[in-house]
Every structure is written in structure tokens, then in C-alpha cells.
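The exercises below are meant to be worked with the sequence and the model open side by side. Each task is followed by a solution that goes step by step.

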Amino acid sequence: MLPFRRLPSTTVGQCFILFRSFTGGITQWAKKAEQLESEEPAAEELPVTFVDDDAESTEAREARIAALRNKSRLLPQHRNMLHGVLPYEQSQSWIHDTVKYKRMMLGRYGIDGSKVDPRVCFPTKKEAYERAEYERVAFPFSLKQMMDANESERKARKAQIEAREAEVARKLEKLDQWTADLNARIAKKEAEARAAKERKDRLVEEVRRHFGFKVDPRDERFQEMLALKEREDRKKVKEAKRKEKEEKMMEKLQKKTAQLEADIEVPSGEKTKQ
């Protein structure tokens, strides 16, 4: 009796997998062969070119040839639009039944091409009445009235422009005088500012002479004395202005008195001559 030799478990597993794949392949090959034998060639799978021309009608033949010629892959409605034909033979949406769409198709493809009754282009009684009412409200004036109004507006605008140009020319004539007045006012302001600065410096110098020694301007005594000097200076300025005003008034009174005396002397001299 031969001794029994035990094989490793891995070797046994590999042999089993190999045997199963081999038997599965044979089974699949047998099934495929049986399926090929059972199948019969279908009549409809014949090439398209093998068509019985006698049994096919002329319209069907033309339709088939047109379908074969169409290589653009466009949708039928888009191809119709490309060739200038009505896109749809039948209405595909509610939009295709509207008056606006029908009018557009009639204007684009004509009476024969659009298959639209041309009477849809004319307004109905209601539309005509609404249009007339709109015209009456939106444009209440006649053409003659609007032309007259436009002419009046044009004349008024022209007169306004002319008046503005005349005013500008008149002001340009006074430009030199205004420039001189402006320069005089600027010079006066600058002179007043210089006088105020000089007056302030003079007062500060007077305060320093009053103390007899150099004092810090921020010192409280210096500030009090400066304020006192400023009040006195303002009083002097005010008094000088008052005197100047009185002198001007007296001068005016003297001129007026002299004029009155001259007026009185003239009539008296005429009486003596008479």
C-alpha cells in the first residue's frame, strides 16, 4: 500500500479556483453557441439601401430622401426658419394663437407662407376706439397749435438769450470799475490790519515802558495793563471819529448856509435893480 501524502491547504485552494474558472468558461461558451444557433436574422435589420422601389410610394420616397439629405442635425422648426419657411405647421403653444404672433408671421412669410388671415392686421372696433381715445388724451392739440407753441417758445428762448448777453456785456463794461473797487477794499483791509498790528505793538511797548523793565507778556500784571491801555486807546479812537463826524457835519451846515445866503441875495439884488 502506497503511503498517503497530505498536500498544503494553499495548493488545494489554488487548484479548486483554477478548476472552477475552467468549468465556468466552458459553460459560458456552450450557452453562447446555443444562443447563436437559435437566433435568426431579422428582416428589418437589412441595410437601408435595399428598399423595394415598386412597393414604396413617391411621397414616402421623397420624404425618405429628404431625411437622408438632412445632415444639419437641426430641429425641424429651426431648419424651417433657416430655409425661410413657417416654423410650425400647427400651433405648439398659446403664444402661436395670439394676434401679435400671427401678425409677425404674416409680415415675415407672407400670406401664402404664413397661412394667416390678413384681416388680423387691421384693428378691431374696440382697438380703434381705444387708440382714438389715447390720441385724444395724449395729444390734445392740433399740429398747427403745436407748431405755434413751438415757435413762441423758440422766440421766448431767443429773447432770454439776448437779454442775458446784453446783461453780460453791460457788466463787462463795469468790470474795470469793479476791479478797482475790489482792489481798493483789499488795500483798505490790509491797511486796517497793519494799523491794528502797529497799534497793538505800540500798546505793548507802552506797557513795558510803564513797568520800566522787561516783563513777560503772559504775566497777569502785563495783561491787565495791556487791557487798560487798549480801552484808553479805543476811547481815543472813538473820540477822534466823533470829532471827525462833527467836523463833517459842521462843514455840510456851512455849505448849506452859504447856499441859502446866496439864494437869498440873488432875489434881493434883482428887486433893487427893478
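**Exercise 1. Find which residues Q77 touches, leaving out residues up to four places away in sequence.**

Step 1. With a contact taken as heavy atoms within 4.5 Å, Q77 touches P87 and Y88 once residues up to four places away in sequence are set aside.

Step 2. Q77 itself is found in helix α3, which covers residues 76–82; helices here are DSSP runs of H or I with at least four residues, strands are runs of E with at least two, and both are numbered from the N terminus.

Step 3. Because buried means under 20% relative accessible area, exposed over 50%, and partly exposed in between (1.4 Å probe, protein chains only), Q77 counts as buried at 19% relative accessibility.

A note on the source: this is a predicted model, in which local features need pLDDT of at least 70 and side-chain atom pairs count only at pLDDT 80 or more, while totals for chains, interfaces and linings use all residues. Residues are numbered from 1 along each chain as its sequence is written, and side-chain values use heavy atoms, with hydrogens and water left out.

**Exercise 2. Describe the protein chain as a whole: how many helices and strands are there?**

Step 1. The protein chain has eight helices and zero strands, and its pattern, read along the sequence, is α-α-α-α-α-α-α-α.

Step 2. Of the 274 residues in the protein chain, 7% are buried.

Step 3. Among contacts in the protein chain with a separation of 6 or more, 22% are made by residues 24 or more positions apart.

**Exercise 3. Identify the residues of the largest nonpolar core and the elements that supply them.**

Step 1. A nonpolar core is a set of buried Ala, Val, Leu, Ile, Met, Phe, Trp, Tyr and Cys residues joined through side-chain atoms within 4.5 Å, and the largest one consists of six residues, namely L203, V204, V207, F222, M225 and L226.

Step 2. The elements giving two or more residues to this core are α7 (175–211) and α8.

**Exercise 4. Work out which helical side chains are paired in salt bridges, and how exposed the partners are.**

Step 1. Counting a salt bridge wherever a side-chain nitrogen of Lys or Arg lies within 4 Å of a carboxyl oxygen of Asp or Glu, the total comes to 14 salt bridges.

Step 2. In one of them R131 pairs with E135, the closest N and O atoms being 3.2 Å apart; because these two residues are four residues apart in helix α5 (residues 125–138), they are separated by about one helical turn. E135 is partly exposed, with a relative accessible area of 33%.

Step 3. Helix α5 also holds E133 and R136, three residues apart, about one turn of the helix, and their side chains meet in a salt bridge of 2.4 Å, N to O. E133 counts as partly exposed at 29% relative accessibility, whereas R136 is exposed, with a relative accessible area of 53%.

Step 4. In helix α8 (residues 220–273), R242 and E246 lie four residues apart, about one turn of the helix, and their side chains form a salt bridge (2.6 Å, N to O). R242 is partly exposed at 38% relative accessibility, and E246 is partly exposed at 39%.

Step 5. R164, E167 and K171 are joined into one network by salt bridges that share partners.

**Exercise 5. Examine the backbone of R73 and K115: what sign does phi have in each?**

Step 1. Most residues other than glycine have a negative phi, and most peptide bonds are trans.

Step 2. Phi of R73 is positive, near 60 degrees, in a residue other than glycine. R73 is found in the loop between α2 (58–69) and α3, and R73 is exposed, with a relative accessible area of 81%.

Step 3. For K115, too, phi is a positive value near 60 degrees, again in a residue other than glycine. K115 lies in the loop between α4 (99–114) and α5, and at a relative accessible area of 59% K115 is exposed.
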